[in-house]
Amino acid sequence: MTEVKGIAASGGYAVSKAYVFRHDVQNVLHETVSEDQVGNELERLSDAFSSVKSYVSSLLSSSVGDSERELYSVELLMLDDPEYRKMIESLVQNSFHTAEWAVESATKVFVDALGKLSDEYMRERSNDIKDIEHFLLESLQGKKRSEIRLERDSILVADYILTSEFMSIINPGYIKGVVIDTGGRTSHVALLAKSKGIPAVVGCQTLSSDVSADDTIAVDGYKGVVVVNPSRKVSYEIMDLKIKESENEKKLSETMKGPSVTKDGKRILLKTNIEGLDGIGPTLSAHADGVGLFRTEFLVLENGFDPDDDKSQVYIDSAEKMAGVGDVTFRTLDVGGDKIFKDQPFEANQFMGFRAIRVSLQCKDIFKKQIKRILKASKWGNARIMFPLISSEEELDEALGVLEDAKEELSRKNIPFDEKLPVGTMIEVPSAAIMIDRISRKVDFVSVGTNDLVQYTLAVDRGNEKVGYLYRPMHPAVLRLLKMIVDGAHESGRSVSICGEMAGDLKYLPLLVGLGFDELSVSPPLVLSLRAYLRELDSRDCRTLSNEILSIPGYTEIERRLKEIQDARRTGDKEQG
Ligand code: PEP
Ligand code: MG
């Protein structure tokens, strides 16, 4: 039995056999292709060379030491070496090797030749060319990477998983838990697991290379603990906790219908974060007040950016199913960051790069098409539209301009839509938070994306487990920004919601109520327990608490104080039986 401590990313318990998924370069099969497949293999090669070149160039531009710089410069020269490229292509054209086999064979010829040279410097270059071989194979195999196909209940154990890989798992119903070597609490795969109620632990270092399909894995997604081959006692304990948890959920779903309101009558809307039509059912069962964040990018991620991949019906069906219950807030595409789309160019710093509204504003035809889909859906229910990653007033104006164009085009064609469809923006970049007085006046509502706001405020990559200890939602600087956003939005008469993970953590609820948030939007499985706690709170006490918290200078003390309140609540529950 081995116990590993990772980062708790999605609550819940599970014990099952492992399904291991790694992205290592796999053994190259020595296969040939038919003559008519040669063109395709050459195209794959050309793509692989381009993507490896841009990867190595980015390594070169971000390298700091002389030796690193020299290494990447030499690798770039080798990638441009016509002899190497010609040999690989000729193996495909004349011997019908697959692209992978051709890369392997040609590299071997070069490595052998370099190894025979008397010059030590040149002999060492054989390592560099092996590096290039590795990058090329990784790129080639990545393009036809093996699928994740589950045949029995499993804990998915992976080195990392792209969101698109997670979305295309075959038989996803068999996933009982997710354990990943990398990633942070708010990386998007962790969020996907959470919204599906699957326990997940991320940042488990090298676990995936130490585990095989014969191993049994126990997961405690609340504590972030993974046990490999647990003893019978540990397995029983975990299963027991799982049974208690589902009994508790059942009890909550029976008692927690009705409005989301504090003891003293303050209404706080509780909405859900969903990724597809399958999130509407859990939203309705949780008696949520609407969908506060529909991450529409997950509708198109598998297929990259195909404007003809018309998911109009999903927009219409979601709005229609929620009609009479609450609104559906469609966030326009937020691709990029850790949601890589097909053929996305490599970027050294994806979270700061070509992402979200920046992509939409550079691909306005696609953006407008999506907006029209949302507008058309507004005829069937209460749809709202929301822009992600707005960082300036100019950017917001540009997005609003495209919305106006889309409305005009629909009107010209007499296509009906809700003229008063509410428009909102996410506040997830510090610059937008600082400009909240001006930005909030231009929209009907704002919603704070704390997952990003925390990473951009603290300069801590939300998906990097190595700096996970610095990712502190309770950092006083973040709390000051939150207060500024709520106060600024209220001064403009706008409602303000929070749809980052912070909203779903019970510990933070009294503070968020005290800060004055009007809505919280969370994964569907969290709505009922939040409502239960909300009904115990008095908003005036929460206000006093938030003032106290805002006066504390450090996150350690803030976290300690909030935990103390939560522990007192638990003790109170136990005493009441
Ligand atoms: C956020 O950043 O808090 C948010 C809700 O958006 P996402 O997690 O999809 O980036
Ligand atoms: Mg975000």
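The domain assignment divides the protein into three parts: domain 1 takes in residues 2–23 together with 147–250, domain 2 covers 35–141, and domain 3 covers 263–576. Domain 1 is thus written as two stretches of sequence, and the numbers of domain 2 fall between them. The model is a predicted one. Computed between centres taken over C-alpha atoms, domain 2 and domain 3 are 44 Å apart.

The rest of this account turns to ligand 1. Ligand 1 sits in the second largest cavity. Around ligand 1 there are 17 residues, and the closest are His188, Arg295, Arg331, Asn451 and Arg462. By the domain bounds, His188 belongs to domain 1, while Arg295, Arg331, Asn451 and Arg462 belong to domain 3.

Three secondary structure elements each supply at least two residues of this shell: helix H7 (188–195), strand S10 (290–295) and helix H18 (450–458). Of the elements, H18 gives the most, with three residues. Sorted by class, the shell holds eight charged, five polar and four nonpolar residues.

Some contacts can be described atom by atom. An N or O atom in the side chain of His188 lies 2.8 Å from an oxygen atom of ligand 1. His188 is also the residue at which the range of helix H7 begins. For Arg295, the distance from a side-chain N or O atom to an oxygen atom of the ligand is 2.8 Å, and Arg295 stands at the end of the range of strand S10. In Asp452, a side-chain N or O atom is 2.9 Å from an oxygen atom of ligand 1. On its own, ligand 1 has 290 Å² of accessible area, and the protein covers 100% of that area.

Definitions and conventions: Residues numbered from 1 in each chain as written. Chains lettered and ligands numbered in written order. Predicted model: local features only at pLDDT ≥ 70, side-chain atom pairs only at ≥ 80, totals over all residues. Heavy atoms only, no water. Domains from an automatic or database assignment. Near = heavy atom within 4 Å. Polar contact = N/O pair within 3.5 Å; in protein donor to acceptor, adjacent residues only side chain to side chain. Areas by Shrake-Rupley, 256 points an atom, 1.4 Å probe, with all protein chains shown as cover. 1 Å grid on protein atoms, 1.4 Å probe; cavity = no way out; pocket = protein on both sides within 12 Å on 5 of 7 lines; lining within 4 Å. Sits in = over half its atoms within 2 Å of the grid points. Helix = DSSP H or I, 4+ residues; strand = E, 2+ residues; numbered from the N terminus. Nonpolar A, V, L, I, M, F, W, Y, C, P; charged D, E, K, R; others polar.
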